[in-house]
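Work through the exercises below with the sequence and coordinates open. Each task is followed by a stepwise solution.

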Amino acid sequence: MSKKPQSQYCMDAKKSMDSPRLQASLHSLQNRFGKGAMALWAEMDDQDMRRRVKKSRMKNLEYLDILLAELAKNVRTRGGHVHFAETAQDAIDYTLDVARKNEVKRVVKGKSMLSMEIAIDPALQEAGIEVVETDLGEYIIQLAGDKPSHIIAPCIHMDRSRIGELFAEKLGIDYTDDPPSLTAAARKALREKLLSADMGLTGCNLACAATGHISLVSNEGNIRMSTTMPPVHVALMGMERIVATLDEHRETVQLLTRGAALQKLSTYVSFVGGPSSDDDPDGSKEFHLVIIDNGRSKILADPEFREVLACIRCGACLNICPVYGRIGGHAYNSPYCGPIGAVVTPLLDGINKHADLCKGETLCGACKDICPVQIDLPRMLAALRQKLAYGSDRWNTRQHNPLEVYAFTLWRLIVCWSPLYRTGLKIARLCQRPFVEKNRMIKRMAGVASGWTDGRDLPPIAKKTFDEIWQEKHATPLPKLPVATKEDNNA
Ligand code: SF4
């Protein structure tokens, strides 16, 4: 039987797994940040903070329309402009319009995944505007013409020697792989861009409805310069990134910076609430807040997936995920990678189109444990698989592989009816014989099952099951376990 051609996801994942350099980087990232975040949560004095913030995030989603209206009113009162963009194109058109009116030639950007989600950079460049990333990691990615591979550490897939070569080629400096020298070279190049930019374009970590401020966290100071030096500042905000009060803001930021970089607080937290004024001379002359939907309302309307909008994009789930830890970020083919990407990318950009993402995760639950706001990503990954297995009108999914449904229905029948299960095991033991090698492992399976043994050996079915050994020893059958009902599973 010929093998099914591999999807792009599988090919990219394999490429990453074959790269010792990337594997070493991912291992060290997870070892430090994944383990570090778990230790941090365990040691936190206020053990209730995560639950409180999750609760407030969910409550804010319920009152999103009211909070967004309050935010918009407060920003406008301070002289800022607010635009609600239903689609990515709408946000791009508005930003281009602002750029044209201000005769913008150069845009300096703060790190923003939303800007990648809506693909605003190519649109600006097509309009003849130079776009310069100012976050160091994003700047490196931009110079390399590459894509980010982590939400917080975008160039984790590149080591310093590669960055040294890149800087020598693009910035015309002598080759060095010394991090401080590389940082100094980037700083010099970026400062010139920042001093002459006509517009700053940033994301928005959080927005506070009560005060009408957006906030941006960074460790490099680039955000302060991008938001205050150019005469125009446009901030792109996903409509769910809102908190009601400054108290909520304080706690949410504390979790964000801990989850992202194990920091109690990042080096800079910038608040922007409007253009500069006579009373407050710092800041841009014009401030525009673009609040973007781009598929979020549809997620909000579905109680099964609404929880994913509570995400604060800290990236912690990437730092513990066993799948991300092997395949890295590029295989996800989205600005959002790792477990959060495997849920949010299909929801924003099509479940069928990104079917591999939710199918590729292990459902081990580590992402939920590490998530500062305890988002149940495994539950939503399973729900996405369910949409693929049975189809969904709401999400416009067709059955991805009807055979899978039959296969699992058959499997359910077998495992739920013990005589059939035992007979099946006996047959399988016989059928596996030609494949068991001398070392008592199966190295290669046939047909559709061959994928299982492409990258690993499989232990054969044991001569006796646990059930059989138990009966021999105790002369009684195994006690029956309670069977979970559908209601139990949904609880
Ligand atoms: S799902 Fe949780 S851990 Fe992952 S990015 Fe969002 S907030 Fe962070």
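**Exercise 1: Strand pairing**

Find the residue in E6 that stands opposite Ala-207, then place the two strands in their sheet.

Solution. Step 1: Ala-207 faces Ile-214 in E6. This is a predicted model. Step 2: E5 spans residues 206-208 and E6 spans residues 213-218; the two pair in the antiparallel sense, over three bridges. Step 3: the sheet is open, has four strands and runs E8-E5-E6-E9, with mixed pairing. Step 4: E8 (242-243) and E9 (268-272) each have a single partner strand, so they form the edges and leave one side of each without a neighbour in the sheet.

**Exercise 2: Domains and core**

Which domains does the chain contain, and from which of them does the largest nonpolar core draw at least three residues each?

Solution. Step 1: list the domains. Domain 1 covers 8-35 + 297-390, domain 2 covers 44-294 and domain 3 covers 417-490. Step 2: the C-alpha centres of domain 2 and domain 3 lie 52 Å apart. Step 3: the largest nonpolar core holds 111 residues; Met-237, Val-290, Ile-292, Val-308, Cys-317 and Val-343 touch the most other members. Step 4: domain 1 and domain 2 each supply at least three residues to this core. Step 5: look at Val-343. Leaving out residues up to four places away in sequence, Val-343 touches Val-308, Cys-358, Leu-377, Met-380, Leu-381 and Leu-384.

**Exercise 3: Ligand shell**

Describe the residues around the ligand by class.

Solution. Step 1: the ligand is surrounded by 15 residues. Step 2: the closest are Cys-311, Cys-314, Ala-316, Cys-317 and Cys-371. Step 3: by class, the shell has 12 nonpolar, two polar and one charged residues.

How values were computed. Residues are numbered from 1 along each chain as its sequence is written. This is a predicted model: local features need pLDDT of at least 70, side-chain atom pairs count only at pLDDT 80 or more; totals for chains, interfaces and linings use all residues. Domain bounds come from an automatic or database domain assignment. A residue is near a molecule or strand if its C-beta atom, placed from the backbone, lies within 6 Å of it. Ala, Val, Leu, Ile, Met, Phe, Trp, Tyr, Cys and Pro count as nonpolar, Asp, Glu, Lys and Arg as charged, and the others, Gly among them, as polar. Two strands pair if DSSP finds at least two bridges between them. A nonpolar core is a set of buried Ala, Val, Leu, Ile, Met, Phe, Trp, Tyr and Cys residues joined through C-beta atoms within 7 Å. A residue is buried if 20 or more other C-beta atoms lie within 10 Å of its own, exposed if 12 or fewer, and partly exposed in between; C-beta atoms are placed from the backbone. Two residues are in contact if their C-beta atoms, placed from the backbone, lie within 7 Å.
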